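Grab a pencil and work through a few short exercises on cysteines and one arginine. Try each task before reading its solution.

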Amino acid sequence: QVQLVESGGGLVQAGGSLRLSCAYSAASRRTFSNYACAWFRQAPGKEREFVAAISVGGTIPIYADSVKGRFAISKNNAGNTVYLQMNNLKPEDTGIYSCAAGRTIVDELRSQREVDFWGQGTQVTVSS
């Protein structure tokens, strides 16, 4: 079974930065480098939405329009970790951020239907 464990969430003022990490582990032979990875978020009272994704090799990132230019996703296959650097945070970025992995191309991972594994989520709160 695959496990994704997020860390790095917290409380930050508007304009500040946070870096989220997602550590991958697997008891079987499922290799991290075979998975595209993504971050989704869910604000209170709203549906979960796509934030960013990165290709299997870690070379092709894609972003939701709302975070483009402020967030950066990266993937370290050797370290079995995916990151989300969040800069110039806004109160509307508040939510539970969840890491996801899927054996698919990066564009398809905009859809939650393509996710094979989810992390438990980490809370990000941005105060105004």
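The exercises below use a predicted model.

**Exercise 1.** Find which cysteines are joined by a disulfide, and say where they sit.

*Solution.* Start with the cut-off: two cysteine sulfurs have to lie within 2.5 Å. Cysteine 22 and cysteine 99 pass, with an S to S distance of 2.2 Å. Counting by that rule gives one disulfide. Next, place the partners: cysteine 22 is in strand β3 (residues 18–26) and cysteine 99 in strand β9 (residues 95–102), so the link ties distant parts of the chain, 77 residues apart. Finally, check the handedness: the angle about the S-S bond is -85°, a left-handed link.

**Exercise 2.** Work out why cysteine 37 is left without a bond.

*Solution.* Look for the closest cysteine sulfur, which belongs to cysteine 99. The gap is 5.6 Å, so it's too far for a bond. Now try burial, where the limit is under 20% relative accessible area. Cysteine 37 comes out at 0%, so it is buried. Cysteine 99 is buried too, at 0%, and cysteine 22 counts as buried at 1%. Burial therefore doesn't set cysteine 37 apart from these two: each of them is buried.

**Exercise 3.** Is arginine 70 buried or exposed, and what does its side chain reach?

*Solution.* First, locate arginine 70: it's in the loop between β6 (61–63) and β7 (71–76). Its relative accessibility is 10%, so arginine 70 counts as buried. Then follow the side chain, which reaches the backbone oxygen of asparagine 88 at 3.0 Å. Beyond neighbours within four places in sequence, arginine 70 has contacts including Gln85, Met86, Leu89 and Asp93.

Terms used
Residues are numbered from 1 along each chain as its sequence is written. This is a predicted model: local features need pLDDT of at least 70, side-chain atom pairs count only at pLDDT 80 or more; totals for chains, interfaces and linings use all residues. Side-chain values use heavy atoms; hydrogens and water are left out. Helices (H or I, at least four residues) and strands (E, at least two) are DSSP runs, numbered from the N terminus. Buried means under 20% relative accessible area, exposed over 50%, partly exposed in between (1.4 Å probe, protein chains only). A polar contact is a pair of N or O atoms within 3.5 Å; within protein, one must be able to donate a hydrogen and the other to accept it, and residues adjacent in sequence count only if both atoms are side-chain atoms. Contact means heavy atoms within 4.5 Å.
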